[in-house]
Amino acid sequence: MAKNDIYMKRWLSDKRRFADLINGSLFQGKQVFLPNHLKESNPEQTLILRKPNGENISVQRYRDIMMVAEDGTRIVVLACENQDEIHYAMPVRGMLYDALNYTEQISQIRKIRRENKELENSSEFLSGLKKNDRLTPVITVVFYYGEKEWDGAQDLHGLLGLNAKEYELLKKYIPNYRINLVDPRRMNNDLCFQTDLQLVFGMLEYRKSKEGLQKYMQTNKNYFGSMDENSYNAIRVLLGSGQQLPEAKLKSGGIDMCKALDDLYQDGVDEGIKTGIKRGMQQGIEQGIKAFILDYREEGYDKEKILMKLQTRFSLTREQSEEYFSRF
């Protein structure tokens, strides 16, 4: 797993933050799922298929984050897939993940029913389920934190091209599957989160403006001035600064994001000054060489003598001297 994915997984795996991500992005902030009702679930999903010749095939997938929400009246599986790149087959990928979960649920129910000898007729034996058995709903969100705007299909019908006129008659007979895309960089004012997601996602509006970003962080210094390491690393990923953004740890153990950002910009200023001085010196040297060549040409010196003097006066190689001579 790439380092950025690890950072995002650690950050979003916090139960308060994960519940807020689901509630804020899918239910406009309504508290449908509460953190204390969540429990982590095994992200591994495996399906064993048996071929006609008796050979078993294993299909195995791993969710980035998977939790089960259970509040006494309702049980729901909540999953999240983190994406830093656009995945053009995401509707099929998401559909497979959800189908694996449902298939696993059926397998577990079938095992229990058979062990307890509760299957009574051919329909129940065929499916392994009784008529009133129900599966647990699965909700998956795709948390996309790439810089480019998502331009892939967001449902199966779009991936199949069913919006084309020639497929119009088929559309209603092909079940659709839609991904729940969460793109924090493009939420703008549609923010209704109750945890630090509100501040972090709000910050992304200013990610391309140095002054705007610094002002936003100073306004919310209580949070950005002393943050935990997981949040700091997640913000580095979301800003696209990667390893460039230095750490500014406080004695309290937190990290001062405001200072780290100031240090980054100051490093950029210092580097720009150094580069400017270096370029200025180089330009000055070239102007001196140009004047030197023109003076000796006016005095009637031939090319060979000028080249020798260039090598002596400016410590140039023969090739460098010839290059300057041809330019000036």
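Is R63 buried or exposed? R63 is buried, with a relative accessible area of 2%. That is a good way into this model, which is a predicted one, and we'll come back to R63 after a quick look at the whole chain.

## The chain as a whole

The protein chain has 328 residues, and 38% of them count as buried. Its fold is built from 12 helices and seven strands. If you take the contacts between residues at least 6 apart in sequence, 60% of them join residues at least 24 apart. As for the outside, the accessible surface adds up to about 19,800 Å², and carbon and sulfur atoms own 49% of that.

## Charged pairs

Side chains of opposite charge can pair when their charged atoms come close. This structure holds 14 salt bridges. Three of them are set out here, including the one made by R63.

| Salt bridge | Closest N to O |
|---|---|
| E81 and R63 | 3.7 Å |
| R113 and E118 | 2.6 Å |
| E322 and R318 | 3.1 Å |

Let's start with E81 and R63, which form a salt bridge. E81 sits in strand 5 (residues 75-83), while R63 is in the loop between strand 3 (56-62) and strand 4 (65-70), so their pairing ties together parts that are 18 residues apart in sequence. R63 is buried, as we saw at the start, and E81 is buried as well, at a relative accessible area of 1%.

The pair made by E322 and R318 has another setting. Both belong to helix 12 (residues 318-327), and because they are four residues apart there, about one helical turn separates them. E322 is partly exposed, with a relative accessible area of 33%, and R318 also counts as partly exposed, at 31%. Back with R63, salt bridges that share partners join R63, E81, R93 and D98 into one network.

That leaves R113 and E118, whose side chains meet in a salt bridge. Here E118 is partly exposed, its relative accessible area being 26%.

## A buried acid without a salt bridge

Which side chain of opposite charge is nearest to D20? The nearest one is R16, but R16 is 7.0 Å away, and D20 is buried with no salt bridge. A salt bridge would need a side-chain nitrogen of Lys or Arg within 4 Å of a carboxyl oxygen.

D20 belongs to helix 2 (residues 15-26), and its side chain does have polar company. One polar contact, of 2.7 Å, joins it to the side chain of T195. The side chain of D20 also reaches the backbone nitrogen of Q194, at 2.9 Å. Setting aside neighbours within four places in sequence, D20 is in contact with S25, F193, Q194, T195 and L197.

What about T195 itself? T195 is found in the loop between strand 7 and helix 6 (197-203). With 13% relative accessibility, T195 counts as buried. Leaving out residues up to four places away in sequence, T195 touches R16, R17 and D20.

## An enclosed helix

How many of the 11 residues of helix 9 are buried? Nine of them are, so helix 9 (residues 229-239) is largely enclosed by the rest of the structure. The buried residues of this helix include Y232, I235, R236 and L239.

Both ends of helix 9 have something to look at. D228 caps the N-terminal end, where one of its side-chain oxygens lies 3.1 Å from the backbone nitrogen of N230. Just after the helix comes G240, which takes a positive phi of about 75 degrees.

## Around helix 5

Now for the surface. V92, M95 and L159 form a nonpolar patch there, and together they have about 210 Å² of accessible area. L159 has its place in helix 5 (residues 156-160), and L159 is partly exposed, with a relative accessible area of 36%.

G161 lies in the loop between helix 5 and strand 7 (180-182). G161 is partly exposed too, with a relative accessible area of 29%. From G161 to K171 it is 10 residues in sequence, and 9.7 Å in space from C-alpha to C-alpha.

Key. Residues numbered from 1 in each chain as written. Predicted model: local features only at pLDDT ≥ 70, side-chain atom pairs only at ≥ 80, totals over all residues. Heavy atoms only, no water. Patch = residues over 30% accessible without salt bridge, like charges linked within 9 Å, V, L, I, M, F, W, Y side chains within 5 Å. Areas by Shrake-Rupley, 256 points an atom, 1.4 Å probe, with all protein chains shown as cover. Helix = DSSP H or I, 4+ residues; strand = E, 2+ residues; numbered from the N terminus. Buried < 20%, exposed > 50% of the residue type's maximum accessible area, 1.4 Å probe, protein only. Lys, Arg positive; Asp, Glu negative; His and termini not counted. Polar contact = N/O pair within 3.5 Å; in protein donor to acceptor, adjacent residues only side chain to side chain. Contact = heavy atoms within 4.5 Å.
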